[in-house]
Every structure is written in structure tokens, then in C-alpha cells.
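Reader: I have a two-chain model open and want to learn how to read it. Please take me through it feature by feature.

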Amino acid sequence: MEQLLKKFNTLEPNRGFKERSRSFILNSPQKGDLPAGAFRQFFNIAQFSAAFGLVAIFIFLILGGLSFINKKLISPSLLSGLDSQNLEKEVKNLDIQIQLSQAQYYEDSAEAVEVALKAASGELDKAENRNQEINKLLDGLTL
Amino acid sequence: MIEGEKLHIKKAKKGNKEAFGLLYDYYLPKIYRYIFLKVSNEQEAEDLTHEVFFSAWRNMRGYKDEGFPFSSWLYRIAKNAVIDSYRTAKNNISLSKTGEDDFKVIDRSGENLDIDFQLEKIKKTIPLLRQDYQDVIIMRFVEDLSHEEIAGSMGKSEGAIRLIQHRALKELKDLYENGNTNGTIIKEV
């Protein structure tokens, strides 16, 4: 039996099958292989992403630089003015300052007027006294 | 085992086609015979053999040397391919499908007609055995593998292989002598 079984060892597959199968298998990709052109595709995607990223960074730096220049050199108040709350506070403070200066002005001017009035009333008194003296003198002359 | 097999395997794992081609050339007849004697159909044997080597090439990167010969890995793939073929529509193949040309490669000159008859009878008897009996009979007596190699491909100990070999040979002889090859196939998957 063993000797008969050994005779099967001469059994061979068809040559045509062997060639077809071999060629097909060796022209197939292995599991884990990247498909053809995958590296190129990956490179293209990476290139585009890198370019896009650089442009974004560039735009950010330009805007940041312009903002810095605007804030620090050209118009320091402009950016702070963009804040409506700050602006409102500033406006309110400005209003109060104006009112206070007006009150001060009114107070100062009232004192000046008072002084002037007093001075004027003193002059009037003097003029009244003079008038009385003149009347007395005229009365003396006429009598 | 072919000369420099480990180097060829190493190269094939990295996708070297020539290296795998050498392994393919060496192991194709062995795997084909193993499958053919189990399925008893040339066309199906070719299809399954192709599947085995295609799967081996595809999964070559994942191959790990576990101390067994490379052939053990291929036989394991082949065994699973045959089992899968039984589970699909190809189940219960009639032995009548076996063509007379199946042994065209075997020398038929002179007094070999009697041997041809005996071989044909054995070929029809082998698929009647249990799967593990078939495996051991083919690997041990047709392919002349060592018990260690068979143990590696079947995931069993060498002692177990010797025991299976003894029982398989006895059952094959019984079936052969009793002529119980009427086309009924008993397959234990």
C-alpha cells in the first residue's frame, strides 16, 4: 500500500494552469500594499494641505501685523473705539467733565458778577453822595 | 525544502515576486497533489490550488516562522480551502466526476495498466477516510513529509500523528480490500 501511495508523487498539475495561475498571483498586490499611485496621491494631498496651511498662516500674519500697526502707530483710539462699551463709558465721562466745568464756570462767574455788582453799588453810593453834596451846594447858591 | 528557503521567504514577505515564484514552483505540485487526492477532481484541485497560493501571496507579509517548515503553513491553507469547498455548493462530489485523464502524467507504459487500476482504486478510497486520516496518508506516504512537518501543519503532536498514521493506513487497507468505493463519500469536516 505504501509503495502504491508513493506513485502518486508523480502527479503534476497541468502546465497551462501552472503558468496562468503563477502569472496571475505574482501580478496581484499583497495585502497591505498601497495601490498604484497611492504615494503620488498622498504626496499631492500633502502638498495641497501644506500650501493651504502656509497661505492661511501668511494671511493671519498680515492681518495681525496690520492690526498691530493700526493699534500702536496709526490710530491708537480707533481700535479701542471699536469697543462700544468702552466708547459709552468714555462718552459718559466726557459729559460729566463738561457739566463739572460748566458748574465751575457758573460758580466763578457768579462771584465775579457779585463783586462787580458790589463795586457798582459802591460807585452808585458814591455818586448818590456826590449828588446830594451838589444839591446842597446848589441850594446854598440859590438861597 | 528548497535551498535558501528562509531567504526566499524573507524576500517574499517584502513583496519580492521572484522569491515567491521560486517557492511557488517548488510547492505547487505538492499542494496540488494534496488537494487533488482529497477532492478527486482535476478542475477543482486546480481552482483550490490557485486559491491556496493566491492566499499565501496575499498574506505573505503576515507569515511568521513558528519553527515549522514553510510547507506546513501552505498545507494548513490548503486544508482550510478544501474544508471550505466542502462547506459550499461543491459538497458531496460524485466520484464519477473523476476523469480518466487524471493520471495522464503518471507513466502508463507496459505492465502499468494494473498499477493504474490500483491507483485509481486508492484515489477513490482516500476521500472516504476522515479528514485527518486523509491528511496524514497524503503527507506521509505521497509527499514523504516527516512526522514533525505533518504535526506542524496539523497542529498536533508527533505522537498523535503516528497514531493517526497507523489507524489511517489500516482503514485505507480495509476499504481498499473490501472494495467499498461505490461513490458514497463520507466527509468529516
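Author: What follows goes from confidence to helices, then to the core, the interface and single residues.

Author: This is a predicted model: local features need pLDDT of at least 70, side-chain atom pairs count only at pLDDT 80 or more, and totals for chains, interfaces and linings use all residues. Residues are numbered from 1 along each chain as its sequence is written, while chains are lettered from A and ligands numbered from 1 in the order in which they are written.

Reader: What is the mean pLDDT of chain A?

Author: pLDDT is the predictor's confidence in each residue, from 0 to 100. Chain A has a mean of 81, with 86% of its residues at 70 or more. Within chain A, helix 2 (residues 15-26) has the highest confidence, at 91. Helix 4 (residues 76-81) of chain A has the lowest, at a mean of 56. Where pLDDT is low, the predicted coordinates should not be read in detail.

Reader: How many helices and strands does chain A have?

Author: Helices (H or I, at least four residues) and strands (E, at least two) are DSSP runs, numbered from the N terminus. Chain A has 5 helices and 0 strands. UniProt, in an unreviewed entry, places a "transmembrane region" at residues 45-69 of chain A. UniProt positions are given in the numbering used here, feature names are shortened, and annotations may be inferred rather than shown by experiment. In the model, residues 45-69 of chain A are 100% helix and 0% strand, with the end C-alpha atoms 36 Å apart.

Reader: What share of chain A counts as buried?

Author: Count the other C-beta atoms, placed from the backbone, within 10 Å of a residue's own: 20 or more is buried, 12 or fewer is exposed, and in between is partly exposed. Of the 143 residues of chain A, 3% count as buried.

Reader: Which residues touch the most other members of the largest nonpolar core?

Author: A nonpolar core is a set of buried Ala, Val, Leu, Ile, Met, Phe, Trp, Tyr and Cys residues joined through C-beta atoms within 7 Å. The largest one has 51 residues, and those touching the most other members are B:I31, B:I35, B:V52, B:L74, B:A78, B:V136 and B:I137. Helix 2 of chain B gives the largest share of this core, 13 residues.

Reader: How many residues from each chain take part in the contact?

Author: Two residues are in contact if their C-beta atoms, placed from the backbone, lie within 7 Å. Chain B brings 33 residues and chain A brings 24. On the chain B side, helix 2 gives the most, with 10 residues. That side divides into 21 nonpolar, 6 polar and 6 charged residues. Here Ala, Val, Leu, Ile, Met, Phe, Trp, Tyr, Cys and Pro count as nonpolar, Asp, Glu, Lys and Arg as charged, and the others, Gly among them, as polar. Leaving aside neighbours within four places in sequence, B:I137 is in contact with residues including A:L5 and B:L172.

Reader: Is B:S40 buried or exposed?

Author: B:S40 is buried, because 21 other C-beta atoms lie within 10 Å. The residue sits in the loop between helix 2 and helix 3 of chain B. Phi of B:S40 is positive, near 55°, in a residue other than glycine.

Reader: And where does B:D144 lie?

Author: B:D144 is in the loop between helix 6 and helix 7 of chain B. B:D144 is not a glycine, yet has a positive phi of about 60°. B:D144 is exposed, because 12 other C-beta atoms lie within 10 Å.
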